[in-house]
Every structure is written in structure tokens, then in C-alpha cells.
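Aromatic side chains carry flat rings, and this report looks at how such rings are placed relative to one another and to charged groups. Please keep the sequence and the model in view while reading.

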Amino acid sequence: EELLLAFGEPNIAKKYEQLDKLMLSDIDLKYVAKFVIGKYWRQMTEQQQQEYQKIFISYALSLYKSFPLDFDSQKIKFDIIKVIPETQKTTVRAKINIDQSDQKQQIPLADIMVDFLLTKQEGKIQIIDLKLGESSLILSYRSRFYEMIAENDDDVEWFLEDLKDIAEATERTNQEKLRQAEY
């Protein structure tokens, strides 16, 4: 519900602020960062690991802003369909429906099924993955990062530079959107 309220915020700067806060508090970005880099985590020095986690968080916070976020939150409905507890995590399946009754195209959208994988760390429940159908968000990131590292001849330092460049470029684009929205 907090997410839907944030999507409905008309002021883009406030929207980004609310969404950043939700991501930082409700997603275990340190776990996700470590999982996404997988086998390369063990190859990194402690300094590279710390730098990577910082870059990954910047990357994650900048990346979502590049997607269209202009939703009429009043038209988005969700229902929790199933909760599947496991030893290390819990899967919460939600059905999301977007009301298109006033759309000209009248092409009905099917309900979107989303699995949220949750874990509890230090007394706090956080998301560690999202699945749409059989597609895992963190496995998609892992695949992409492994490609980037391979393109850099398995050199982690080059990968970190490339990832930092991507995050910074995306954030510059986001800042330009904010400046344009002010006018």
C-alpha cells in the first residue's frame, strides 16, 4: 500500500524520495548485491566488496527511476493469493490488476502474478527477489553482471568501473527528468 501511495505522488522529486526510502528499508540490497555477483564475490578483496555494494545500491536506486512510474494508484488493485513459508524465506504470491476501464484501446490486461521472496534478518522482514512468472529479477541481474564481467576479461576492477559509469549515467538522466519536471 505504501508503494501504491508513492506511485500516486504527483511530485516526481517526492515520489523518488519515497521510493528510495522504501527500497532501502524493505529490500535487502546487501543480500541482493552479494547474490547477484555470485562466484565473483569470493574473488573480490574486502575493499572491492565494499565498493561494489555501494555501487550496486546506487545502481539499483537509479535504475528503477528509468522506468515509467506514472501510475494512477487508484486503478491498481492487489490481492495476496498465497503465503508459502519455507525454512530460510517466505514466498508471498500477489495478484495485481490494473483497471483500464477508461482506456480507448479496450485491450484487457490479464492479472499479473508476482511472487515476493521475503526473508527475516535482524528482526526485519525484507524482499530478496521478485518473480514474474518464471523470471527472477535477481537471476536476470546475475546473468547480466556475469556477461559484463566476461566482456571485461573477468577483471572485477573493470566491471566495477563500468557498473559505476552506468549508475552515474542513469542518475544524470534521472536528475535531468527532475529538472524538466520543475518547469
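What follows is a short account of ring pairs, a ring cluster and charges placed over rings.

The model is a predicted one, and a search of the whole structure finds 13 aromatic pairs in it. One of these is formed by Y52 and F56, whose ring centres are 6.0 Å apart, with 45 degrees between the planes, and this pair is tilted. Both residues belong to helix α4, which covers residues 46–63, and because they are four residues apart there, about one helical turn separates Y52 from F56. F56 also pairs with Y59: the centres of these two rings are 6.3 Å apart and the planes stand at 45 degrees, so this pair is tilted. F56 and Y59 are three residues apart in helix α4, again about one turn of the helix.

How accessible are these residues, given that a residue counts as buried under 20% relative accessible area? Y52 is buried, with a value of 0%, F56 is buried at 2%, and Y59 is buried at 9%.

Ring pairs also join residues into a wider group, since Y52, F56 and Y59 are linked with W41, Y141, F145 and F159 into a cluster.

Finally, there are charged side chains placed over rings, and the table lists two such arrangements with the distance from the ring centre.

| Charged residue | Ring beneath the charged end | Distance to ring centre |
|---|---|---|
| K65 | Y16 | 5.3 Å |
| R142 | F35 | 4.1 Å |

Key: Residues are numbered from 1 along each chain as its sequence is written. This is a predicted model: local features need pLDDT of at least 70, side-chain atom pairs count only at pLDDT 80 or more; totals for chains, interfaces and linings use all residues. Side-chain values use heavy atoms; hydrogens and water are left out. Rings of Phe, Tyr and Trp (its six-membered ring) pair if their centres lie within 6.5 Å; planes under 30 degrees apart count as stacked, over 60 as edge-to-face and the rest as tilted. Helices (H or I, at least four residues) and strands (E, at least two) are DSSP runs, numbered from the N terminus. Buried means under 20% relative accessible area, exposed over 50%, partly exposed in between (1.4 Å probe, protein chains only). A charge sits over a ring if NZ of Lys or CZ of Arg is within 6 Å of the ring centre and within 35 degrees of the ring normal.
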